[in-house]
Amino acid sequence: MRWLLGNWAFLQLRQFIAYKAEAAGVPVVLVDPRNSSRTCSVCGYCAKANRKSQSSFRCQECGFEANADFNAAVNLKARGECSDALLCRSEAHASNQAQAPVL
Ligand SMILES: [Zn+2]
């Protein structure tokens with residue numbers, strides 16, 4: 001029941017966002033959020049250790065530091081842009097393209 005209610009809430013939130021976005025003429029692109037908070041938005045290195053705390057991100061590979069939510073948002077934006085561009089040939093976005101269904 002908890003699973004059902006939790007998913008229902010996300011489904012309803014998604015429907016609200018889609019409704020409001022459509023009314024404003026804004027396209028909605030769904031992307032796979034997996035590891036978006038553990039992946040460096042600068043170099044692409046992904047590791048659990050990158051996420052030092054709930055609010056701070058520090059890349060173990062290149063040293064990039066940022067607010068963890070900001071870093072994850074940049075990753076989600078890149079995935080959305082890549083999945084939106086059907087002919088994207090970028091090596092860096094190849095894995096994102098495979099994981100990012102567009103509905
Ligand atoms: Zn990095």
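This passage describes the fold, the zinc site and selected side-chain contacts of a predicted protein model.

The protein contains three helices and two strands. Read along the sequence, these elements follow the pattern α-β-β-α-α. Helix H1 covers residues 2–23, strand E1 covers 56–58 and strand E2 covers 65–67. Helix H2 spans residues 68–84. The protein has 103 residues, and 20% of them count as buried. Contacts across the sequence were also examined. Among contacts with a separation of 6 or more, 38% join residues 24 or more positions apart.

A zinc ion is bound by the protein through four sulfur donors, namely Cys40 (SG), Cys43 (SG), Cys59 (SG) and Cys62 (SG). These donors lie 2.3 Å from the ion. The arrangement is tetrahedral, because the angles subtended by the four donor atoms run from 105 to 117° and the limits for this class are 85 and 135 degrees. Along the sequence, the donor residues show the spacing C-x2-C-x15-C-x2-C. Cysteine 43 sits in the loop between H1 and E1, while cysteine 62 sits in the loop between E1 and E2. The two residues are 19 positions apart in sequence, so this pair ties together separate parts of the chain. Cysteine 43 is partly exposed, because its relative accessibility is 39%. Cysteine 62 is also partly exposed, with a value of 40%.

The loop between H1 and E1 also holds asparagine 50. Its relative accessibility is 0%, so asparagine 50 counts as buried. Under 20% is the limit for that class. A polar atom of the asparagine 50 side chain lies 2.8 Å from the backbone nitrogen of glutamine 60. Beyond its neighbours within four places in sequence, asparagine 50 touches Arg38, Cys40, Tyr45, Ser56, Phe57, Arg58, Cys59 and Gln60. Two of these partners, Cys40 and Cys59, are donors of the zinc ion. Asparagine 50 is thus in contact with residues of the metal site.

Phe57, another contact of asparagine 50, takes part in an aromatic pair. The count of such pairs in the model comes to one. Its members are phenylalanine 57 and phenylalanine 64, with ring centres 6.5 Å apart. The pair is tilted, because the ring planes meet at 55° and only planes over 60 degrees apart would count as edge-to-face. Phenylalanine 57 is buried, with a relative accessibility of 2%. Phenylalanine 64 is partly exposed, at 22%.

Salt bridges were counted next. The total comes to three. One joins the side chains of aspartate 32 and arginine 34, with an N to O distance of 2.4 Å. Here a buried residue meets an exposed one. Aspartate 32 has a relative accessible area of 10% and is buried, whereas arginine 34 has 56% and is exposed.

Another salt bridge links glutamate 65 with arginine 58, at 3.5 Å from N to O. Arginine 58 falls within strand E1 (56–58), and glutamate 65 falls within strand E2 (65–67). Glutamate 65 is exposed, with a relative accessible area of 55%. Arginine 58 is partly exposed, at 36%. Arginine 58 is also among the contacts of asparagine 50.

The remaining salt bridge pairs lysine 77 with glutamate 81, at 2.5 Å from N to O. Both residues belong to helix H2. They are four residues apart in that helix, so about one helical turn separates them. The side chains of lysine 77 and glutamate 81 also make a polar contact at 2.5 Å. Lysine 77 is exposed, because its relative accessibility is 53% and the class begins over 50%. Glutamate 81 is partly exposed, at 45%. Lysine 77 can also be placed relative to a distant part of the sequence. Valine 29 lies 48 residues away along the chain, yet the C-alpha atoms of valine 29 and lysine 77 are separated by 9.7 Å.

Notes. Residues are numbered from 1 along each chain as its sequence is written. This is a predicted model: local features need pLDDT of at least 70, side-chain atom pairs count only at pLDDT 80 or more; totals for chains, interfaces and linings use all residues. Side-chain values use heavy atoms; hydrogens and water are left out. Donors are N, O and S atoms within 2.8 Å of the metal (3.2 Å for Na, K and Ca); water is not among the atoms, so sites may look incomplete. Four donors count as tetrahedral if all angles lie between 85 and 135 degrees; four count as square planar and six as octahedral if opposite donors are over 155 degrees apart and all others between 65 and 115; anything else is irregular. Buried means under 20% relative accessible area, exposed over 50%, partly exposed in between (1.4 Å probe, protein chains only). A salt bridge is a side-chain nitrogen of Lys or Arg within 4 Å of a carboxyl oxygen of Asp or Glu. A polar contact is a pair of N or O atoms within 3.5 Å; within protein, one must be able to donate a hydrogen and the other to accept it, and residues adjacent in sequence count only if both atoms are side-chain atoms. Contact means heavy atoms within 4.5 Å. Rings of Phe, Tyr and Trp (its six-membered ring) pair if their centres lie within 6.5 Å; planes under 30 degrees apart count as stacked, over 60 as edge-to-face and the rest as tilted.
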